[in-house]
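Visitor: Hi, I'd like to get to know this protein before I set anything up. Could you walk me through it?
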Amino acid sequence: MKSYNITRIFTFIAATALFASCKKNDNPNNLPEVNTAQYEGKIDGYTSSDEIYPNNLVAYWSFDGTKNETKSNTAPTQTANDQLVAGGVRGQALSLNAGYLYFANQFNAFKTDVFKSFTISQWIQIFNNGSKRTMAFQLARPGIFNGSINFAINTQSFPASDLNNLKIQPTFTTIGGGTQDNINTLRDSPGMPNYMPYITPTLAPDRWIHLVITYNGTTGFFHLWINGVRAGAFPSRGTGNNLFKAYEPSEVIIGGNYNVIPGKSVNTDANFAAMTGKIDELRIYNIDLPDANIKALYNLGRASK
C-alpha cells in the first residue's frame, strides 16, 4: 500500500514538472516590466494638453486671466465687447458679444519662411444667427479682406433656432494669390472613392465644440476636424501655386475681420459680423499635427486637462 502511494506521488511530481516546463512564457523577449502607475490619470498618454508638441506650439491664448498671447505675452491692440468668464474648457474663457480682439502685430511665428504648415485648435460655444458669418480667427493682411488664414463659421446658413447643424468653412490664401477652402458637407455616396458623410456638432448654451484645422505644406492637404473627427469633404487642395503662403505683414483678429473693426474697413463686404459666442484654448502649431494628437486634444479638453 505504501509502495503504491509513493508511486502516485512521484507520478504527480513528474507531471507537474512537465507542465511547468511547457507553460507559455509571458515575456519571451525579456522586455522591462511596465509600471502601470506611470499611466494612471493619463488620457491618450498625456496628463495635459500642454504636453502635445510643446516645441511646435508657436501661439497660445489660454484666456485664463489674460487676453494676451501667452508665448510672446503680446496684448491686444484693440478690443470690443469682450470679457473673461468662468466655465471655460480649462479655467476661464473669452466671451464675445458682437466683439473681437485685434492684435496689430507681426508675430515672428507667422512669418513666411517659418510658417508653412499649421494646426489651429480652438474650443468654441456658438449659435447660428441666420444672417451673418463669423470669423473665429484670422491671420489678417493689412488692407486686404481675405487673410492668409480665415477660420470662418457659416453661422448665417441656418436660423438661430437650428441646434442640429453648423457649417464650418475655413480658407487660406495661396502662393499664387488664390484662395482654397474646406467645408463639412456630404460628398458623393457611400462606396465612392471620395465619399464623406455630413458631420456636424449639436449646439447648446453649455456645450463646447472642438474645432481644428490642419495644413501640410508639403502635400497641400487641408483638414477640418470637429470634436476629434475628420469632417472636411475637400482636403486635397493641391501643390505648386495652390500651396499656402503666410503673407507679410500680418496681424491677428479673434472674432472678426477688418470690416467689423471701426476705422479698419477695407471694402463694403458686410457678410461677417463681430462674434457672439465664447472661445477657449486657442492653440497654433507650426506643423500638421498627427491624427492621434488631434484626438488627444479633444479628449483632454473634455476632461479639462
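Guide: Happy to. This is a predicted model, and the protein chain averages a pLDDT of 91, with 87% of the residues scoring at least 70.

Visitor: Where does pLDDT stay under 50?
Guide: One such stretch is residues 1-7, and the model gives that stretch zero contacts beyond four places in sequence. Residues 9-24 are also below 50 in pLDDT, with zero contacts in the model beyond near neighbours in sequence. Where pLDDT is low, the predicted coordinates should not be read in detail.

Visitor: Good to know. How many helices and strands are there in the chain?
Guide: The protein chain has two helices and 13 strands. Of its 305 residues, 46% are buried.

Visitor: And what about contacts across the sequence: what share comes from residues 24 or more positions apart?
Guide: Taking contacts with a separation of 6 or more, residues 24 or more positions apart account for 70%.

Visitor: What does the chain expose?
Guide: About 14,900 Å², and carbon and sulfur atoms supply 51% of that.

Visitor: Let's zoom in on a strand. How many residues of E9 are buried?
Guide: Seven of the seven, across residues 209-215, so strand E9 is largely enclosed by the rest of the structure.

Visitor: Which way do the side chains on E9 point?
Guide: Ile-209, Leu-211, Ile-213 and Tyr-215 point one way, while His-210, Val-212 and Thr-214 point the other way, and all are buried. In a regular strand the side chains alternate between the two faces of the sheet.

Visitor: Which strand does E9 pair with over seven bridges?
Guide: That is E4, residues 118-125, and the two strands pair in the antiparallel sense. To pick out one position, Trp-123 has His-210 of E9 as its bridge partner.

Visitor: How many bridges join E9 to E10?
Guide: Five, and E9 runs antiparallel to E10, which covers residues 222-226. Tyr-215 has Phe-222 in E10 as its bridge partner. E9 and E10 form a hairpin with six residues between them, and Gly-220 in the turn has a positive phi of about 80°.

Visitor: Let me pick one residue from that strand, Thr-214. Is it buried or exposed?
Guide: Thr-214 has a relative accessible area of 2%, under the 20% cut-off, so it counts as buried.

Visitor: What does Thr-214 touch, leaving out residues up to four places away in sequence?
Guide: Thr-214 touches Phe-118, Thr-119, Phe-221, Phe-222, His-223, Trp-225, Asp-288 and Ile-294. With Asp-288 there is also a polar contact of 3.5 Å between the side chains.

Visitor: Changing topic to charges: how many salt bridges does the structure hold?
Guide: The structure holds seven salt bridges. Side chains of opposite charge can pair when their charged atoms come close.

Visitor: Which residues are linked in a network of salt bridges?
Guide: Asp-50, Arg-90, Glu-281 and Arg-283 are linked that way.

Visitor: Can you take me through that network pair by pair?
Guide: Sure. The side chains of Asp-50 and Arg-90 meet in a salt bridge at 3.0 Å, N to O. That pair links distant parts of the chain, 40 residues apart: Asp-50 is in the loop between helix H1 (2-22) and strand E1 (57-61), and Arg-90 is in the loop between strand E2 (78-85) and strand E3 (93-103).
Guide: Asp-50 also meets Arg-283 in a salt bridge, at 2.8 Å, N to O. Here the two are 233 residues apart, with Arg-283 in strand E13 (residues 275-285) and Asp-50 in the loop between H1 and E1.
Guide: Then Glu-281 and Arg-90 meet in a salt bridge at 3.5 Å, N to O. Glu-281 is in strand E13 and Arg-90 in the loop between E2 and E3, 191 residues apart.

Visitor: Which of these count as buried, and which as partly exposed?
Guide: Asp-50 counts as partly exposed because its relative accessibility is 39%, which lies between the 20% and 50% cut-offs. Arg-90 counts as buried at 17% relative accessibility, as does Glu-281 at 5%, and Arg-283 counts as buried at 2%.

Conventions: Residues are numbered from 1 along each chain as its sequence is written. Side-chain values use heavy atoms; hydrogens and water are left out. Helices (H or I, at least four residues) and strands (E, at least two) are DSSP runs, numbered from the N terminus. Buried means under 20% relative accessible area, exposed over 50%, partly exposed in between (1.4 Å probe, protein chains only). Contact means heavy atoms within 4.5 Å. Accessible areas come from the Shrake-Rupley method with a 1.4 Å probe; for residues, only the protein chains shown count as cover. Two strands pair if DSSP finds at least two bridges between them. A salt bridge is a side-chain nitrogen of Lys or Arg within 4 Å of a carboxyl oxygen of Asp or Glu. pLDDT is the predictor's confidence in each residue, from 0 to 100. A polar contact is a pair of N or O atoms within 3.5 Å; within protein, one must be able to donate a hydrogen and the other to accept it, and residues adjacent in sequence count only if both atoms are side-chain atoms.
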